[in-house]
Amino acid sequence: MEKIKELSPEDIDRIVEMAWEDRTPFDAIELQFGVAEQEVIQLMRREMKASSFKMWRERVQGRKTKHIAKAPDNLLRFKSNQQRKITFNKISKRK
C-alpha cells in the first residue's frame, strides 16, 4: 500500500479505469504504475462503493483476460489508435 500513497489522483483514476476494463491485465497496471494485483484490489476497495467493488471483484476473479499467464496465446487485444504509447512507465504526450 506504500506505493499507492505516492500516486497522484490522476494516476489513481487511471488505475481504477484500467482495472475496471475486462481486457486490461493486472500485469499491465503493474508494469505502468508499479502497483501489484493485491494493491490494485485494495485501491479498488478504497475508491469504489461497496456494491460496485463487490460486482467488480466477482467479475474479475479468475478471469483469464486479467492475468497474462492465464490468457490463451491467441487472445487478441484491442488497442485504440487514440491510445497513447507507454514508454519507460510514463505516458508519452501526443505530438
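A residue counts as buried under 20% relative accessible area and as exposed over 50%, with partly exposed in between. This scale is a handy companion for a look at the charged side chains of the structure, which is a predicted model. Glutamate 17, with a relative accessible area of 43%, is partly exposed, because this value falls between the two cut-offs.

Glutamate 17 forms a salt bridge with arginine 14, and the closest N and O atoms of this pair lie 3.3 Å apart. Both residues belong to helix α2 (residues 9-20), where they are three residues apart and therefore separated by about one helical turn. Arginine 14 is also partly exposed, its relative accessible area being 25%.

Arginine 14 has another acidic partner to introduce: glutamate 21 forms a salt bridge with arginine 14, with the closest N and O atoms 4.0 Å apart. Glutamate 21 has a relative accessible area of 31% and is likewise partly exposed.

A further salt bridge reaches across the chain. Aspartate 22 pairs with arginine 59, the closest N and O atoms being 2.7 Å apart. Here distant parts of the chain are linked, for the two residues are 37 residues apart: aspartate 22 sits in the loop between α2 and α3 (26-33), whereas arginine 59 is in helix α5 (residues 50-60). Aspartate 22 is partly exposed at a relative accessible area of 30%, and arginine 59 is partly exposed at 24%. Through salt bridges that share partners, Arg14, Glu17 and Glu21 are joined into one network. In total, the model has four salt bridges, among them the pairs of arginine 14 with glutamate 17 and of aspartate 22 with arginine 59.

Helix α5, home of arginine 59, also takes part in helix packing. Two packed helices are described by the angle between their axes and the distance between the axes. For helix α4 (residues 37-47) and α5, the angle is about 150° and the axes are 8 Å apart. Angles over 145 degrees count as roughly antiparallel, so α4 and α5 are roughly antiparallel to each other. Their crossing is right-handed.

Who meets whom at this contact is pleasantly easy to list. From α4 come Ile41, Met44 and Arg45, which meet Phe53, Trp56 and Arg57 of α5. Sorted by class, the contact of α4 with α5 comprises four nonpolar and two charged residues, with no polar ones.

Methods. Residues are numbered from 1 along each chain as its sequence is written. This is a predicted model: local features need pLDDT of at least 70, side-chain atom pairs count only at pLDDT 80 or more; totals for chains, interfaces and linings use all residues. Side-chain values use heavy atoms; hydrogens and water are left out. A salt bridge is a side-chain nitrogen of Lys or Arg within 4 Å of a carboxyl oxygen of Asp or Glu. Helices (H or I, at least four residues) and strands (E, at least two) are DSSP runs, numbered from the N terminus. Buried means under 20% relative accessible area, exposed over 50%, partly exposed in between (1.4 Å probe, protein chains only). Axes are lines fitted to C-alpha atoms, for helices over the stretch in contact, and angles run from 0 to 180 degrees between N-to-C directions. Angles under 35 degrees count as roughly parallel, over 145 as roughly antiparallel, 65 to 115 as roughly perpendicular and the rest as oblique. A crossing is left-handed if the near helix is turned anticlockwise from the far one by less than a right angle, and right-handed if clockwise. Contact means heavy atoms within 4.5 Å. Ala, Val, Leu, Ile, Met, Phe, Trp, Tyr, Cys and Pro count as nonpolar, Asp, Glu, Lys and Arg as charged, and the others, Gly among them, as polar.
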